[in-house]
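Let's take a walk through a protein model together. Have a look at the sequence and the structure first, and then we'll go through them piece by piece.

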Amino acid sequence: MVARGEIARFWSLESLHMVSSDGGTESAALVDDNGSEEDYSYEDLCQANPRYLQPGGEQLAINELISDGSVVCAEALWDHVTMDDQELGFKAGDVIQVLEASNKDWWWGRNEDKEAWFPASFVRGYIRQCRKHTGMFTVAQLATIFGNIEDIYKFQRKFLKDLEKQYNKEEPHLSEIGSCFLQHQEGFAIYSEYCNNHPGACAELSNLMKQGRYRHFFEACRLLQQMIDIAIDGFLLTPVQKICKYPLQLAELLKYTTQEHSDYSNIKAAYEAMKNVACLINERKRRLESIDKIARWQVSIVGWEGLDILDRSSELIHSGELTRITKHGKSQQRTFFLFDHQLVSCKKDLLRRDVLYYRGRTDMDGVELVDLEDGRDKDWNLNVRNAFKLVSKTTDEVHLFCAKKQEDKARWLQACGDERRRVQEDREMGMEISENQKKLAMLNAQKAGHGKSKGYSGCPVAPPHQSLHPLHQRHVTVPTSVPQQQVFALAEPKRKPSLFWHTFNKLTPFKK
């Protein structure tokens with residue numbers, strides 16, 4: 001056994017971590033001769049010695065550490081059940097001291113009081129096997145399939161260690177774990193990237209699985225590590241399921257925790273925090289789906305000028321027709337689209353009502369909404385009805401709008417108020433869409449719209465009277481299968497059939 005006080009090197013997947021002499025895991029750092037701590041990983045070893053980057057470099061690093069007198073430990077990722085006395089049995093999570101690693105497939109190690117052989121692959125996963133087969137997987141494919149799952153693994157290791165420190169083994173009912181969730185709540189945000197990437201991972205896997213060699217490869221990886229009979233897509237789904245379970249588990253814990261318990265307030269706060277994390281992840285996923293639709297909508301607009309709509313906006317809040325009135329009393333019938341941060345104005349084609357021409361936009365961050373009473377406006381010296389203004393905060397610019405009906409005006413006033421609240425909520429929640437995701441959405445929209453006539457692109461647009469959903473249900477509700485001309489038809493009143501055609505049809509039988 002390792003002598004008390006002796007520092008051991010801990011080997012797990014991509015990193016070397018610290019293990020205390022009594023087997024308990026500590027922070028992943030090394031203490032140098034001066035007593036200071038520094039990060040220590042397999043990547044650091046590779047930088048120090050390029051030989052470790054060569055094939056078999058990991059095994060070489062382990063053997064040299066052992067030769068130097070260091071204690072190297074491997075964490076078991078999977079259970080290993082064996083009836084052979086020459087093999088070492090262990091459970092997932094057990095810490096095994098590696099005594100000899102000259103064979104790439106079987107290492108000699110000690111677990112508790114027994115020394116025997118154990119499969120080296122049990123501390124390796126799908127990713128490492130895929131990286132070895134560069135002829136089958138590109139770097140981009142691996143990034144798509146696995147996303148940031150290694151970052152999640154490292155985060156979860158740290159979270160688990162801190163959680164175990166808060167657990168009272170002798171008196172479990174006195175454990176105080178709420179503070180651990182609060183301490184790590186920002187770290188859970190990395191699940192958002194993984195969850196957003198997951199649909200793409202499934203699509204990539206689906207394409208690869210059409211080929212027999214990939215099906216056989218992934219199954220061989222599973223059998224090699226004696227993993228349970230679940231396909232790789234099932235394992236990749238686990239992080240998505242895990243992040244959704246935390247609020248449920250904390251809610252159940254809170255249910256059976258008395259208010260007098262010392263951890264009650266922290267558990268309650270942790271429950272709310274993890275609900276917000278799950279909400280943020282769901283909202284980001286919906287926003288990613290939304291920006292694809294918005295990008296297709298922009299491509300369908302004729303004569304678009306200036307920055308892309310996605311440069312500042314990621315959600316369509318409301319749309320409909322309004323009459324815009326100029327200072328000179330001239331009225332302009334326009335179709336407006338209210339996004340977060342900006343209001344876009346378009347004009348319908350006189351003949352093809354499904355075609356829209358870009359006419360400008362208003363920065364919603366720089367204006368104030370002013371409700372107007374019906375009657376004569378003193379500033380404009382005009383009689384107005386169902387009107388409101390957007391007044392610039394920095395200049396004397398004023399935009400006057402009139403709706404057809406009072407209820408239409410009410411919807412616009414509500415939508416403008418909701419737009420401001422959404423912007424504030426997004427700021428508080430840290431809601432951001434990466435520049436790469438925006439560029440990819442625009443690129444895909446341009447490719448999909450290339451060669452198609454304007455107005456028939458099938459870009460979804462929110463109906464004029466769309467009711468707003470609460471934060472956890474926000475998304476553009478018009479299905480992508482509804483053509484643009486059908487959506488605009490919802491905004492136009494039904495016209496009575498012309499009496500001319502009715503009379504003409506009645507007289508037709510009497511024509512000579």
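Which residue stands opposite F388 in strand 16? D371 does. That spot belongs to a bigger picture, but first a word on ground rules. This is a predicted model, where local features need pLDDT of at least 70, side-chain atom pairs count only at pLDDT 80 or more, and totals for chains, interfaces and linings use all residues. Residues are numbered from 1 along each chain as its sequence is written, and side-chain values use heavy atoms, with hydrogens and water left out.

**The whole chain**

You'll find 14 helices and 17 strands here; helices (H or I, at least four residues) and strands (E, at least two) are DSSP runs, numbered from the N terminus. The chain has 512 residues, and 44% of them count as buried. Buried means under 20% relative accessible area, exposed means over 50%, and partly exposed is in between (1.4 Å probe, protein chains only). Now for contacts, meaning heavy atoms within 4.5 Å. Among contacts with a separation of 6 or more, 58% come from residues 24 or more positions apart.

**The sheet**

Strands of a sheet pair through backbone hydrogen bonds, either parallel or antiparallel. In this model, an open sheet of 7 strands runs in the order 12-11-10-9-17-16-13, with antiparallel pairing. At its edges sit strand 12 (356-363) and strand 13, each pairing on one side only. Two strands pair if DSSP finds at least two bridges between them; strand 13 and strand 16 pair over 5 bridges, in the antiparallel sense.

Helix 10 packs on this sheet, touching strand 9, strand 10, strand 11 and strand 12, and its direction makes about 155 degrees with that of strand 10. For such angles, axes are lines fitted to C-alpha atoms (for helices, over the stretch in contact), and the angles run from 0 to 180 degrees between N-to-C directions.

**Helix 11**

Helix 11 also lies across the strands, among them strand 9, to which it runs at about 130 degrees. This helix covers residues 406-429, and its 24 residues reach 34 Å from first C-alpha to last, close to the 34 Å expected at 1.5 Å a residue. That expected span is 1.5 Å times one less than the number of residues. Its buried residues include W412, C416 and R422. What do the buried residues of helix 11 pack against? Their partners include helix 10 (264-300), strand 9 (316-325) and strand 16 (387-392). Right after helix 11 comes G430, with a positive phi near 70 degrees.

**Two unusual backbones**

Most residues other than glycine have a negative phi, and most peptide bonds are trans. Here are two residues with a positive phi although they are not glycines:

| Residue | Phi | Loop between | Relative accessibility |
|---|---|---|---|
| H341 | about 85 degrees | strand 10 (331-339) and strand 11 (342-348) | 17%, buried |
| N381 | about 55 degrees | strand 14 (375-377) and strand 15 (382-384) | 48%, partly exposed |

**A look at E100**

E100 is in strand 6 (residues 95-100) and counts as partly exposed because its relative accessible area is 25%. Not counting residues up to four places away in sequence, E100 touches N63, I66, W107, W108 and W117. E100 and I66 are 34 residues apart in sequence, while their C-alpha atoms are 7.5 Å apart in space.
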